[in-house]
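Biologist: I would like a close look at one part of this model, the place where the two chains meet. Please take me through it slowly, as I am new to reading structures.

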Amino acid sequence: MREVCDLVVVGAGPGGLAAACRAAEAGLDVLVLDAQPEPGGQVWRGEARQGSNRLARRWLTRFSASGARFRPGARVIAAPEPGVLLVEEGPSSFAVRYGRAVLATGARERFLPFPGWTLPGVLGVSGLQVLVKDGLPIRGKRVVLAGTGPLLLAAAATIHSHGGEVLYIAEQASAASHWGFALQLWRQPAKLLQGALMSAKLVSVPTSTDAWVTAAEGERRLEAVRLSVRGREEHLHCDYLGAAYGLVPNLEVARLLGCETTSGAVVVDDRLQTRVPKVHAVGELLGIGGVDQALVTGELAGLVAAEQPVPLALERSWHRVRTFAAQLARHDAPRAELLRLATPDTLLCRCEDVPMSALEGCQNLREARLYARLGMGACQGRTCGTAAQTLFGWTGEDVRPPCLPARIGSLRLPSDVSSTPTRES
Amino acid sequence: MREPALKNASVVTLRINGREVTVPVGTSVAAALAMTDSFVSRADLSGRPRGPLCGMGVCFECRATIDGVPEVLMCLTPCREDQTVVTDA
């Protein structure tokens, strides 16, 4: 089976939706692929079903009216030649032949290992938040959150509004860095207001800067956590722990296509084109910047893909959101103490059960993979590779196909795709 | 099965490791797993329990056999009527 389109958009979060809307409204045949069952990405998860976020509602409505085609549950696994993607969808697969591509694969949480982080009940900060949005019963459950930046408050607000009892919010950033960041937000009135509204709802929740989780404890699942709070230790019994330290871009598909990356972000020109012709990157792939950056860059890339003029106001917005992204990166950078929490027995690679001690003598990710099986499991190093890069300063490796576990049949290129058909227009 | 209010909403009933779970439409299988006795999705190489971690299809901790298809991620799968979920935990 195959699909032909003018523009393929990989990822249906805000960036992908904005790109798809702009391009489809300009007359392009647009195909949007996403691994989730609904559009909206992680930040607007569940909004397609029960919209409470007005911005999400507006974009999702615009998207369904745009004429762009949406394929849910679709995962890009390989890019066998320029202009072709192989995609797995449930138990079947198909090939996509595209004229241009917009990569909008978003971000994932940065996990750092600590004793007990493999216990059931220990999740990411946003990981726990999305499960609650997806129906995880949280009413009356005791929750501790440990991480950094605006995501912590967003997760706490969601858990609180679903009846969960947030016992503690531990922000790893120092007080100076945290409040310095907050004060910078006067340049971003909307964000300041968002933050203030979330804080107001959470006014009764103990929160501290210079605080992080040092260990999770329990037999078959999480029972308690140990926290370091401004130098003293706290011990709290709880049902769930959300612990992760900011976001990192999902670079796998970009790397698979051969896009150049630097400092953990895709390199683009002022038209958001990557070093690979006709392939654009938007949103978190450019460096973590949140919804505003995703929408602005998505719109820009969609207009460029459709060869439409770019309004000056959109260019200006992009430069403004870049400033916010740079501030966020400084605030969210994990502090040194977080890199020393794991003991020799603590697992770093959760798929292959590789403990920290097995990495002694390894100099880079390649050696860690060859000698210790780090990153050789089902997630292909998405969790441990990112952690190892943060812990040891190692650089990311090239991505080889398939970039997700796939059935062997999905890697076969359908014969009608390997020729060079052009879309009859 | 948990809150009487759910009876009025539209719900689906699925089986997770042989146990019936009734959830509101729109609930993910990973979220429904928390309504069973344990929040365990698999066992690691030493037999220790693991549960969902990332919720976003990244970590693969929540993979399970769903309606006979192996290695499906519970966090990306909505619950459906008569669905059968088997974990290797």
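Modeller: A polar contact is a pair of N or O atoms within 3.5 Å, where, within protein, one atom must be able to donate a hydrogen and the other to accept it. Please keep in mind throughout that this is a predicted model.

With that term in hand, we can begin at B:Asp44, which sits in the loop between β3 (42-43) and β4 (49-50) of chain B. The side chain of B:Asp44 makes a polar contact with the side chain of B:Arg50, at 3.4 Å, and also reaches the backbone nitrogen of B:Ser46, at 2.8 Å. B:Asp44 counts as buried because its relative accessible area is 6%, and buried means under 20%. If neighbours within four places in sequence are left aside, B:Asp44 is in contact with A:Leu347, A:Asp353 and B:Arg50. B:Arg50 in turn forms a salt bridge across to A:Asp353, with the closest N and O atoms 3.1 Å apart.

From this spot we can widen the view to the whole boundary. Between chain A and chain B there are two salt bridges, and 10 residue pairs are in polar contact, counting pairs in which both residues have pLDDT 80 or more. On the chain A side of this boundary, β7 (107-109), β8 (122-123) and α3 (125-133) each supply at least two of the residues that touch chain B, and the largest share, four residues, comes from α3(A). Sorted by class, the side of chain A that touches chain B has 18 nonpolar, nine polar and 12 charged residues. In total, 39 residues of chain A are in contact with 32 residues of chain B. The area buried between chain A and chain B is about 3,000 Å², and carbon and sulfur atoms give 63% of this area. A:Pro120, A:Pro137 and A:Arg350 supply 16% of what chain A buries against chain B, which is more than any other three residues supply.

The helix α3(A) deserves a pause of its own. Nine of its nine residues are buried, so α3(A) is largely enclosed by the rest of the structure; among these buried residues are A:Val125, A:Leu128, A:Gln129 and A:Lys133. The elements that cover them include β7, β8, β9 (142-147), α4 (150-161) and β15 (240-243) of chain A, together with α1 (29-33) of chain B. Just after α3(A), A:Gly135 takes a positive phi of about 110°.

Another residue that touches the partner chain is A:Gln36, found in the loop between β2 (30-33) and α2 (54-65) of chain A. Not counting residues up to four places away in sequence, A:Gln36 touches B:Leu76 as well as several residues of its own chain, including A:Gly41, A:Arg45 and A:Phe70. A polar atom of the A:Gln36 side chain lies 3.1 Å from the backbone oxygen of A:Gly41, and A:Gln36 counts as buried, at 6% relative accessibility.

Finally, you may wonder about covalent links, and the structure holds zero disulfides over all chains. A:Cys349, for instance, is in no disulfide, and the nearest cysteine sulfur, that of A:Cys384, is 4.0 Å away, whereas a disulfide needs the two sulfur atoms within 2.5 Å. A:Cys349 is buried, with a relative accessible area of 1%. The sulfur of A:Cys362 is too far for a bond because the closest cysteine sulfur, in A:Cys384, is 12 Å from it, and A:Cys362 is likewise buried, with a relative accessible area of 11%.

Note on methods:
Residues numbered from 1 in each chain as written. Chains lettered and ligands numbered in written order. Predicted model: local features only at pLDDT ≥ 70, side-chain atom pairs only at ≥ 80, totals over all residues. Heavy atoms only, no water. Contact = heavy atoms within 4.5 Å. Buried area = accessible area lost by both parts, 1.4 Å probe. Salt bridge = Lys/Arg side-chain N within 4 Å of Asp/Glu carboxyl O. Nonpolar A, V, L, I, M, F, W, Y, C, P; charged D, E, K, R; others polar. Buried < 20%, exposed > 50% of the residue type's maximum accessible area, 1.4 Å probe, protein only.
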